[in-house]
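Work through the exercises below with the sequence and the coordinates open side by side. Each task is followed by a solution that goes step by step.

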Amino acid sequence: MMMLDDFMMRAALAGLGVALAAAPLGCFVVWRRMAYFGDATAHASILGVALALGFGVSVFAGALVVALIMAATVSTLSGRGYAMDTLLGVLAHSALAFGLVAVSFLQGVRIDLMGYLFGDILAVGKTDLAVIWGGAIIVVGLLVWRWQALLTATLNPDLAQASGIDPRHEQLGLTLALALVVAVAIKVVGVLLIAAMLIVPAAAARPMAHTPERMALIATVLAAGAAMGGLPVSFALDTPTGPTIVCIAAFIFALTTGAAAIGRASARG
Amino acid sequence: MSLIRTEGLGVQIGGTRILEHVDFAIERGEIVTIVGPNGSGKSTLLRAIIGAVKPTEGRVGRAPGLKIGYVPQKLHIDPTLPMTVGRFLNLPQRHPRAAIRSALERAGLPDLAGRQMTNLSGGQFQRVLLARALMNTPDLLILDEATQGLDQPGSAAFYQRIEEVRQSMGCAVLMVSHDLHVVMSASDRVICLNRHICCEGQPEHVAQAEEYRALFGSGTHGALALYRHTHDHAHDDGEGCTHSHDHDRDHEAAQ
């Protein structure tokens, strides 16, 4: 594994791994209007990072556990008639604030807070790489395995129920996958920008897709492209890598959406 | 054995009683229609039957291996979700291409497999929903106000199609409907629901029942008579229109 000794190679592989998991899952986040849900889960994970550092356990495990708790809390509350956008706004930002406060209590260990907020893809080690790809494979495996059921439940829960699919199980599966993606993506894009890796590629793929499968596939390719493009650009411009990747994804979104709008206008005119 | 049998079914949602003491059964090949004012628990009964709502009392029994085809009241497809007609028919199970093609032909939409669902007209959309529900040759077809938003000829054609489906596939049909006179013609049995089953039986019987008239007024009786009239002569003297509009208003008032 000589090639893994190069930090740029590890960074590229880490970016690809996150793109592979986040883009197709992000399609479901978009279709089900869970964008804010993704945000809340991601922001909460900084609290997990702080706790993990405080108790000396792995950051990945800490972030995963807190993301899971957050996702479970939101799922439980969502069926009970609360105004969801308000509730998610409260949870997302207070979790972030508690996380930041908790980090400030950590003495002795000097923590590069920026690294967790915006990611530090160039510092990805071999273990991180294994964790990222392990998580990505689990998420993609889950999506492929449950694809038809997930899609039916996303379209209409009653439609799924009538065919013997329990939409709550499918929702739970997506929630777990979301927590996992958050946990593995912290190192690459940081807690503030994970939601962008979920949503921006999916949104950019939408105008080019006629079926859900095509959209997931295109989103994955675009996300991988953004990750691969972001690395050299951030290297050349000396900019933070995570935000640069998201910027490139945003440019792709503007291109595809703009092209689709022009296509529609010329079809009318 | 009945396809579905509920015993003492009761449903409470958020402290409100939606259904109570519902004993209901549907047999193979039967067409049963549920009528009732808005808020009478029609949709909740259907949702309890498909398992989307848990009963708080009583139980819902299904025949072993029962296959249900479900046509929801409304299906909102999020604009972010690309979905062609052909892809939609492959949910939740995939089917061979030939099966999709023949399903679309039967639905009278042979060229639409590649069309986006969101670009269909109301009538086409409804026919695609029905075609999807029939893909796995269900034992029981459940329709929740499937003709909402269709005009009179559109919904008449839709119910005719249901009758053909019953003839050709032999499946039972359970539907909720507001088109009272169509209901009366198309059903073997009508159930009048208002939180509990007020009355049930053959359409003629139910239309005469006190409980039914108390809910729908005597205008409904006229609608039934009108239906029979038009059935013989196939013309519409306009009276049916005023009647059915009155029912709609009754329903709004009951809400």
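The exercises that follow concern a predicted model, and they move from aromatic rings to helices, cores and backbone angles.

**Exercise 1. Classify the aromatic pair formed by A:F28 and A:W31, and state whether each residue is buried or exposed.**

Step 1. The ring centres of A:F28 and A:W31 are 5.0 Å apart, and since the criterion for a pair is a centre distance within 6.5 Å, the two rings qualify as a pair.
Step 2. The planes meet at 75°, and because angles over 60 degrees count as edge-to-face, the pair is edge-to-face.
Step 3. Both residues belong to helix α1 (residues 7-31) of chain A, where they are three residues apart, about one turn of the helix.
Step 4. A:F28 has a relative accessible area of 0% and is therefore buried, while A:W31, at 3% relative accessibility, counts as buried too.
Step 5. Ring pairs also bring in A:W147, so that A:F28, A:W31 and A:W147 are linked into a cluster.

**Exercise 2. Carry out the classification for B:F158 and B:Y159.**

Step 1. The ring centres of B:F158 and B:Y159 are 6.3 Å apart and their planes stand at 85°, so this pair is edge-to-face.
Step 2. B:F158 and B:Y159 are both buried.
Step 3. Over all chains, the count of aromatic pairs comes to four.

**Exercise 3. Which segments of chain A does the UniProt record annotate as "transmembrane region", and what is the secondary structure over residues 12-31 and 129-147?**

Step 1. According to the unreviewed UniProt entry, the annotation covers residues 12-31, 43-70, 90-109, 129-147, 176-204, 216-237 and 243-263 of chain A.
Step 2. Over residues 12-31 of chain A, the model is 100% helix and 0% strand, with the end C-alpha atoms 28 Å apart.
Step 3. Over residues 129-147 of chain A, the helix content is 95% and the strand content 0%, and the end C-alpha atoms are separated by 26 Å.

**Exercise 4. What span should helix α2 of chain A have, and what lies around A:S45?**

Step 1. Helix α2 (residues 35-55) of chain A has 21 residues, which at 1.5 Å a residue should span 30 Å.
Step 2. The end C-alpha atoms of this helix are 31 Å apart in the model, which agrees with the expected span.
Step 3. After α2(A) comes A:G56, with a positive phi near 70°.
Step 4. A:S45 is placed in helix α2 of chain A, and its relative accessible area of 0% means that A:S45 is buried.
Step 5. When neighbours within four places in sequence are left aside, A:S45 is in contact with A:A63, A:V182, A:I186 and A:V191.

**Exercise 5. How many residues does the largest nonpolar core have, and which residues does B:L141 touch?**

Step 1. The largest nonpolar core has 157 residues, and those with the most contacts inside it are B:F24, B:L141, B:L143 and B:L174.
Step 2. The largest share of this core comes from α1(A), which supplies 14 residues.
Step 3. Not counting residues up to four places away in sequence, B:L141 touches a set of residues that includes B:G69, B:V71, B:L130, B:I162, B:V165 and B:L174.
Step 4. A second, separate core has 13 residues, among them B:C192, B:C198, B:V206 and B:A209.

**Exercise 6. Where does B:R127 lie, and which residues does B:R127 contact?**

Step 1. B:R127 is part of helix α4 (residues 122-134) of chain B, and at 31% relative accessibility B:R127 counts as partly exposed.
Step 2. Apart from neighbours within four places in sequence, B:R127 is in contact with B:A107, B:G108 and B:L109.
Step 3. B:R127 and B:L109 are 18 residues apart in sequence, whereas their C-alpha atoms are 8.3 Å apart in space.

**Exercise 7. Describe the backbone at A:R33, B:H21 and B:P92.**

Step 1. A:R33, in the loop between α1 and α2 of chain A, has a positive phi near 55° although A:R33 is a residue other than glycine, and at 60% relative accessibility A:R33 counts as exposed.
Step 2. B:H21, found in strand β2 (residues 16-26) of chain B, is not a glycine and yet has a positive phi of about 50°; at 56% relative accessibility, B:H21 counts as exposed.
Step 3. B:L91 and B:P92 are joined by a cis peptide bond with omega about -5°, and B:P92 is located in the loop between α2 (85-89) and α3 (97-106) of chain B.

Key
Residues numbered from 1 in each chain as written. Chains lettered and ligands numbered in written order. Predicted model: local features only at pLDDT ≥ 70, side-chain atom pairs only at ≥ 80, totals over all residues. Heavy atoms only, no water. Phe/Tyr/Trp six-rings, centres within 6.5 Å; stacked < 30°, edge-to-face > 60°. Helix = DSSP H or I, 4+ residues; strand = E, 2+ residues; numbered from the N terminus. Buried < 20%, exposed > 50% of the residue type's maximum accessible area, 1.4 Å probe, protein only. UniProt positions renumbered as here; feature names shortened; annotations may be inferred. Core = buried A, V, L, I, M, F, W, Y, C linked by side-chain atoms within 4.5 Å. Contact = heavy atoms within 4.5 Å. Expected span 1.5 Å × (residues − 1).
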